[in-house]
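This report walks through a few local features of one protein chain for a reader who is meeting it here. Please keep the sequence and the model in view while reading.

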Amino acid sequence: MVSFAAPANTAAPDGVHPGPMSRAQAFARAQALTALGKKMFFDPALSASGKQACSSCHDPRHAFGPASAAPVEMGGPNLDRPGVRAVPSLRYLQAAPAFTEHFYDSEDEGDESVDNGPTGGLTWDGRADHGKDQAKIPLLSPFEMANKDEGAVNVALRKAAYAGEFKATFGADVFDHPGDAFDAAAEALGTFEQSAPDFYPYSSRYDAFLAGKAELTAQEMRGRALFEDETKGNCASCHLSEPANDGEPPQFTDFGLIAIAVPRNAAIPANADPAYVDLGLCGPLRTDFRGRTEYCGLFKTPTLRNVALRRSFFHNGTFHTLRDAVAFYASRDTDPGHWYPKNADGTVRKYDDLPKAYWPNLNQDPPFNGKKPGDKPALTGAEIDDIVAFLGTLTDADQQAVPAN
């Protein structure tokens, strides 16, 4: 006997956990979540202050990164509590793998036998694997949106202009269960942050160049060569610049976590306490690897897409020009006195934001590769300028009106 299945319902089912869906239903639900998440992303009422939205720090006019040059942003119930790390861009996170201590390249990307170490996750220390997990952090962080608990977020959502849309998407009784409402809000935000037109358009001039639809200047071409040259910048060893074997555009990151010991930033209020040290993967914000000394000082390698728009660089925002960020790599070890403070006796206090016990974790790949003070740096001033010019080609088309730094 032949049986025929009833036509699948194309409407997006409601509920926080709707269960199996047809392809059409999944697309419809994704569209509903994206629209809802976008409204939430720009809603300051979801913060304890009533004045801070996700977009306050992740400005769409600055590639969903910060518009200011401040190393950290202010938050909390009265917007008077400083953060402890620079705000990263939310663009081009869709390809980040889940965090793992031992990452092996896929067949399409590299040597599968090489253990690349800690890789993946979101945030500077990789402690959130998905957008929906990351979205929960600022909602409850005391120095960000500072909601007291999930219930406080639920109260704000219940009052929102889109509350009816929220119930239509997640169920009429969703606000009766604050934990479910909080999870639903995070899912909507995470889904919006997977929207290709907003978060991964691949519309830069470099993308057009790779597609044979644009040209780079002579200086930009020199910069690209230096960026990829293992004996010069060697930037592409972590900031992958070539398309994958499957044709996927380059992400300009390998999603790894490494230690490079950027100088301590006195402009971060937390650093006024000499006992406070941000050790990235081994704490203090991430807690599951506390005591794992081999991970102390490791931070996520960010994508360099839209990097020319930033006004502060690295996890602590210690540099404020892209040129300084590139130059630091070239002369961290050959001219440490240029980057690090001096002790009373005139000696250089190098690696001043990383306790000496963790110096063995420092990346020593080129351009560092064992260079000592007084050695010739890997890059000249003109070559640094060329790399900076190349990095300017990574700005997305919708961001071109923003002045590059």
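Does Cys54 count as buried or exposed, and at what relative accessibility? In this predicted model, Cys54 has a relative accessibility of 12% and therefore counts as buried, since buried means under 20%. Cys54 takes part in no disulfide, and the nearest cysteine sulfur, which belongs to Cys57, lies 8.9 Å away. Cys57 is likewise in no disulfide, with the sulfur of Cys54 as its nearest cysteine sulfur at 8.9 Å.

**The disulfide**

The structure holds 1 disulfide, formed by Cys282 and Cys296, whose sulfur atoms are 2.1 Å apart. The two cysteines are 14 residues apart, and both Cys282 and Cys296 are placed in the loop between strand E3 (257–258) and strand E4 (299–300). Because the torsion about the S-S bond of Cys282 and Cys296 is about 115°, the disulfide is right-handed. The relative accessibility of each cysteine discussed so far is set out below.

| Cysteine | Relative accessibility | Class |
|---|---|---|
| Cys54 | 12% | buried |
| Cys57 | 15% | buried |
| Cys282 | 6% | buried |
| Cys296 | 3% | buried |

**Around Asn361**

Cys296 also appears among the contacts of Asn361, a residue in the loop between helix H10 (322–331) and helix H11 (381–391). Leaving aside the neighbours within four places in sequence, Asn361 is in contact with Ala259, Thr293, Glu294, Tyr295, Cys296 and Leu298. With one of these residues, Glu294, the link involves the side chain of Asn361, which reaches the backbone oxygen of Glu294 at 3.5 Å. Asn361 and Ile258 are 103 residues apart in sequence, yet their C-alpha atoms are 8.0 Å apart in space.

**Two helices that cross**

Two packed helices are described by the angle between their axes and the distance between the axes. For helix H3 (residues 131–140) and helix H6 (residues 178–192), the axes come within 8 Å and cross at roughly 115°, and the crossing in which H3 passes H6 is right-handed. On the H3 side, the residues that meet H6 are Gly131, Lys132, Ala135, Lys136, Leu139 and Leu140, while H6 contributes Phe182, Asp183, Ala186, Glu187, Leu189 and Gly190. Taken by character, the residues of this contact of H3 with H6 divide into 6 nonpolar, 2 polar and 4 charged.

Definitions and conventions: Residues numbered from 1 in each chain as written. Predicted model: local features only at pLDDT ≥ 70, side-chain atom pairs only at ≥ 80, totals over all residues. Heavy atoms only, no water. Helix = DSSP H or I, 4+ residues; strand = E, 2+ residues; numbered from the N terminus. Contact = heavy atoms within 4.5 Å. Polar contact = N/O pair within 3.5 Å; in protein donor to acceptor, adjacent residues only side chain to side chain. Disulfide = S-S within 2.5 Å. Buried < 20%, exposed > 50% of the residue type's maximum accessible area, 1.4 Å probe, protein only. Axes fitted to C-alpha atoms, helices over the stretch in contact; angles between N-to-C directions. Left-handed = near helix turned anticlockwise from the far one by under 90°. Nonpolar A, V, L, I, M, F, W, Y, C, P; charged D, E, K, R; others polar.
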